[in-house]
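Let's learn to read a ligand site together. Have a look at the model first.

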Amino acid sequence: LGSKISATGHYLPEQIITNDDLSKIMDTSDEWISKRTGIRSRHISKDENTSDLSSKAALRILQNGNITAGQLDFIIVATMTPDALSPSTACLVQEKIGAVNAFCFDINAACTGFVYALSTGLHMMQSGLYQYGMIIGAETMSKVVNWEDRSTAVLFGDGAGGVLLERTEDDCFVAEALHSDGGRHMALVANTMKVENPYGDSSQEDQAFLTMDGRAIFDFAIRSVPSIIREVMEKGNLSDGDLKKILAHQANVRLLEAISKKVKLPFSLFATNIAETGNTSAASIPILLDQLVQTKEIQLGTKDKVLMTGFGGGLTWGAIVVSL
Ligand SMILES: O=C(O)C1CCN(c2ccc(-c3cc(CO)ccc3Cl)cn2)CC1
């Protein structure tokens, strides 16, 4: 008793900003960005917020899943860039698509958000209480990036993607390994909100944008992603030949090459689309998943096993294996 991924979908804002475009407003170059990150361009929203990107992805997922919004029992949106603290971005999606029978909430686990949200949704479906659930990863990173800081401004993009979970007898869930370490929270911080009131005496200083200790996160990822891939494969009794594809958070292509070597799995197993999207945080894995489905590089209903792994702010890291 559980669920299957019965549909995928994604949406990227229309506006494409290339590395050369960026070199016109900050001291950077296409050569540096593409060589060091693998990024060539990214989609940057003009006026669509995270709930708008999410809703457009959601409508595509409903269409691909051949169900109406009214059939959804719940919607989970994984995001670190919500439209607001309240209402949740998931509730805004509910209104925009007309999911009148769903209960909706957000999850914030930065770039691991989609993995945490998919795990949450799959285990909710294992309760047998629900027929359809939608899991979305979505970000407007462009609103938290410090556009004066070239070391981070060139890395991030906007976008949304997600999956439809449909109740079935045989479950698509194979294994998961989810971790976090709040002790290293300073490595990636975005938009702090200090205590402030007539009776307060908080000495906290606010930070109204994203800062990242790139070296620290890079080193963390090179160490922790190989071990979480091995951990989740062990938990699922999987051998290397069992994996059809690895969908890793699209943070940096050099990093994926290093992870592939360290975990001794061929780089061909790692799907990448960072060249055209940049780092879209919680949206990166579901965007990649839908693109692979659309190009038939992977197919739903085949029982093929895919491993999804996210890692980033928190620090958080996680991996989940599902059979498609
Ligand atoms: O000098 C260079 O080569 C620089 C070195 C620093 N770089 C980094 C560093 C960290 C990340 C990153 C970010 C997140 C947040 O989603 C998660 C996971 C990672 Cl590994 C991405 N790029 C860019 C190239």
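Here is a short chat about the ligand and the helices.

A: This is a predicted model, where local features need pLDDT of at least 70, side-chain atom pairs count only at pLDDT 80 or more, and totals for chains, interfaces and linings use all residues. Residues are numbered from 1 along each chain as its sequence is written, and side-chain values use heavy atoms, with hydrogens and water left out.

Q: Which residues come nearest to the ligand?

A: A residue is near a molecule if one of its heavy atoms lies within 4 Å of it. Here 17 residues surround the ligand, and Arg-36, Cys-111, Ile-217, His-249 and Asn-279 come nearest.

Q: How do I read polar contacts to an oxygen atom of the ligand?

A: Look for a pair of N or O atoms within 3.5 Å. A polar side-chain atom of Arg-36 sits 2.9 Å from a ligand oxygen. For the side chain of His-249, an N or O atom is 3.0 Å from an oxygen atom of the ligand, and for Asn-279 that distance is 2.8 Å.

Q: How much of the ligand's accessible area does the protein cover?

A: Accessible area comes from the Shrake-Rupley method with a 1.4 Å probe. On its own the ligand has 540 Å², and the protein covers 89% of that.

Q: Which element gives the largest share of the shell?

A: Helices are DSSP runs (H or I, at least four residues), numbered from the N terminus. H7 gives the largest share, 3 residues.

Note on methods:
Polar contact = N/O pair within 3.5 Å; in protein donor to acceptor, adjacent residues only side chain to side chain. Helix = DSSP H or I, 4+ residues; strand = E, 2+ residues; numbered from the N terminus.
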